[in-house]
Amino acid sequence: MVNLLQFDRSALGDWCEQQGEQAFRATQLFRWIHQRGERDFAAMSNLAKSFRDKLVASAEVAGLAVASEQVAEDGTIKWLFDVGAGDAVETVFIPETGRGTLCISSQAGCAVNCRFCATGHQGFSRNLSTAEIVAQLWHAEFELRRRLGLRDGERAITNVVMMGMGEPLQNYANLVPALRTMLDDHGYGLSRRRVTVSTSGVVPMIDRLRDDCPVALAVSLHAPDDALRDELVPLNRKYPIAELLASARRYLERAPRDFITIEYCMLDGVNDAPAQAEALLALLRGDGTAANPGLPCKVNLIPFNPFAASGLKRSPAARVAAFAAVLQDGGIVTTIRRTRGDDIAAACGQLAGEVQDRTRVAERRARAVPVHVAPPVSRRRGGEAVAPGRRP
Ligand code: SAH
Ligand code: SF4
């Protein structure tokens, strides 16, 4: 059985042709899956019966197994998906006025091993497949549409951030078809500016993404100099700051936005001193010389979300504010990230899932809040899916 969530539209076209079907059938099929959330081939009324029979025999639309779901007081929802062999990944929905953001995982665990990150502390287990990346969106979008009573064409999710577990640019081959499905007008139809890849700085892959599928880019910097960044983000030893910022500048030549988002996790006594804010400002603003050209960017300061094993503390609010003021006064737009879903540990860097530990997944499943699982979608509506619209 092939899981059709694995394919972007062009790959689905190739697969359909292999089945002896014309390529335009792939677009119809793609729309059923990604615009209607349909998984029952029998209900895909505009496809020929012979094709539907073939699909039933050889394909499936397989979502992920929900191990648990938690809803925070502020409406944030965190799903834990069991991806087999003791691995689980987390996906977070963050509702805001006029938009809904889904934070998606790209790997079970992460090999980069940043000092301040719960995912990094678990080590790396494996890459998620394209189907597993897309299935997070597919599940959340259609589950939310059903719960919110949205009509066809109304979207629950307007923004995607690849800021869950894992380093997306270390799973490049599976990431790109997933991004294409998110952007496809026959799929989720998300704007390139509303899909963000966040990276710890895999320089060659930043260049490839620029050429293959430019979306909004966030760079997790966390330090103004290489000595400190080497400690916090070990990948810096391979791709130091100057190379990283140079690749970010190249990215801007094709990016859908004219700035890069710089993420900076505020760690008490580590990277939050006024002198470090000045150094960051100098680095990002540059001085107009070839040696120090700066980077058009916005800075997002993330108050560190603590977890037991880190041995690190969150910077006090006053220090975060002072740090932000230095950057602002220097002319760099700076925001301080509001922590969401605090009561369910759904904030940045707290997504741990469970990796390679069957007993703990089993325990967690047993403890999990019962989830209302949607019945297999088999509503027959007929006709073409409606063009995607915006939420009111
Ligand atoms: N691997 C990618 C994307 C996933 S992490 C990356 O590193 O960019 C998403 C964001 O959460 C990154 O900016 C990361 O630095 C930040 N983060 C990780 N651990 C955190 C923590 N404990 N508190 C606050 N932010 C954290
Ligand atoms: Fe990996 Fe990102 Fe966590 Fe670093 S911050 S360990 S790159 S998920």
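Is glutamine 35 buried or exposed? I opened the notebook with this residue and note at once that the model is predicted.

**Entry 1: glutamine 35**

I located glutamine 35 in helix α2, which covers residues 23-36. I read a relative accessible area of 6% for glutamine 35; the cut-off for buried is under 20%, so the residue counts as buried. I then looked up the polar contacts of the glutamine 35 side chain. One of its polar atoms is 2.9 Å from the backbone oxygen of aspartate 185. I also recorded a distance of 3.4 Å from the side chain of glutamine 35 to the backbone oxygen of glycine 187.

**Entry 2: ligand 1**

I turned to ligand 1 and listed its surroundings. The shell consists of 21 residues, and the closest are Phe116, Ser198, Ser220, His222 and Asn305. I sorted the shell by class and obtained ten nonpolar, nine polar and two charged residues.

Which atoms of ligand 1 do glutamate 167 and serine 198 approach? For glutamate 167, I found a polar side-chain atom 3.3 Å from a nitrogen atom of ligand 1. For serine 198, a polar side-chain atom is 2.7 Å from an oxygen atom of the ligand. Threonine 199 takes part through its backbone: I noted an N or O atom there at 3.5 Å from an oxygen atom of ligand 1.

I next checked how far ligand 1 is covered. Taken alone, ligand 1 exposes 520 Å², of which the protein buries 96%. I then asked which elements give two or more residues to the shell, and found β10 (195-199), β12 (260-266) and β13 (297-303).

**Entry 3: ligand 2**

I listed the residues around ligand 2 as Cys110, Val112, Asn113, Cys114, Cys117, Gly120, Gly166, Glu167 and Ser200. By class, I recorded four nonpolar residues, four polar residues and one charged residue in this shell.

I looked further at asparagine 113, a member of the ligand 2 shell. I placed asparagine 113 in the loop between β7 (107-109) and α4 (118-122). Its phi is near 60°, a positive value in a residue other than glycine. I noted the background for this: most residues other than glycine have a negative phi. With a relative accessible area of 42%, asparagine 113 is partly exposed.

**Entry 4: strand β13 and its neighbours**

I returned to β13, one of the elements in the shell around ligand 1. Why is β13 described as largely enclosed by the rest of the structure? I counted six of its seven residues as buried, so the description follows.

I followed the pairing of β13 with β12 and found a parallel arrangement over seven bridges. Within this pairing, methionine 266 has proline 303 of β13 as its bridge partner. I traced the connection as well: β12, helix α10 (residues 274-285) and β13 make up a right-handed β-α-β unit.

I then examined the pairing of β13 with strand β14 (residues 334-336). The two strands run parallel and are joined by three bridges. Leucine 301 has isoleucine 336 in β14 as its bridge partner. The chain passes from β13 through helix α11 (residues 317-329) to β14, and I recorded this β-α-β crossover as right-handed.

**Entry 5: strand β5 and its two hairpins**

I looked up strand β5 (residues 87-96) and found eight of its ten residues buried, so the strand is largely enclosed by the rest of the structure.

In which sense does β5 pair with strand β4 (residues 77-84)? I found the antiparallel sense, over seven bridges. Isoleucine 77 stands opposite phenylalanine 93 of β5. The two strands form a hairpin with two residues between them.

I inspected alanine 85, which lies in the loop between β4 and β5. Its phi is near 50°, positive although the residue is not glycine. I also read 49% relative accessibility for alanine 85, which counts as partly exposed.

I closed with the pairing of β5 and strand β6 (residues 99-103), which is antiparallel and has five bridges. Valine 92 stands opposite cysteine 103 of β6. The hairpin of β5 and β6 has two residues between its strands, and I noted that glycine 98 in this hairpin takes a positive phi near 80°.

Terms used: Residues numbered from 1 in each chain as written. Chains lettered and ligands numbered in written order. Predicted model: local features only at pLDDT ≥ 70, side-chain atom pairs only at ≥ 80, totals over all residues. Heavy atoms only, no water. Near = heavy atom within 4 Å. Nonpolar A, V, L, I, M, F, W, Y, C, P; charged D, E, K, R; others polar. Polar contact = N/O pair within 3.5 Å; in protein donor to acceptor, adjacent residues only side chain to side chain. Areas by Shrake-Rupley, 256 points an atom, 1.4 Å probe, with all protein chains shown as cover. Helix = DSSP H or I, 4+ residues; strand = E, 2+ residues; numbered from the N terminus. Buried < 20%, exposed > 50% of the residue type's maximum accessible area, 1.4 Å probe, protein only. Pairing = 2+ DSSP bridges. Right-handed = clockwise from strand over helix to strand, strands pointing away.
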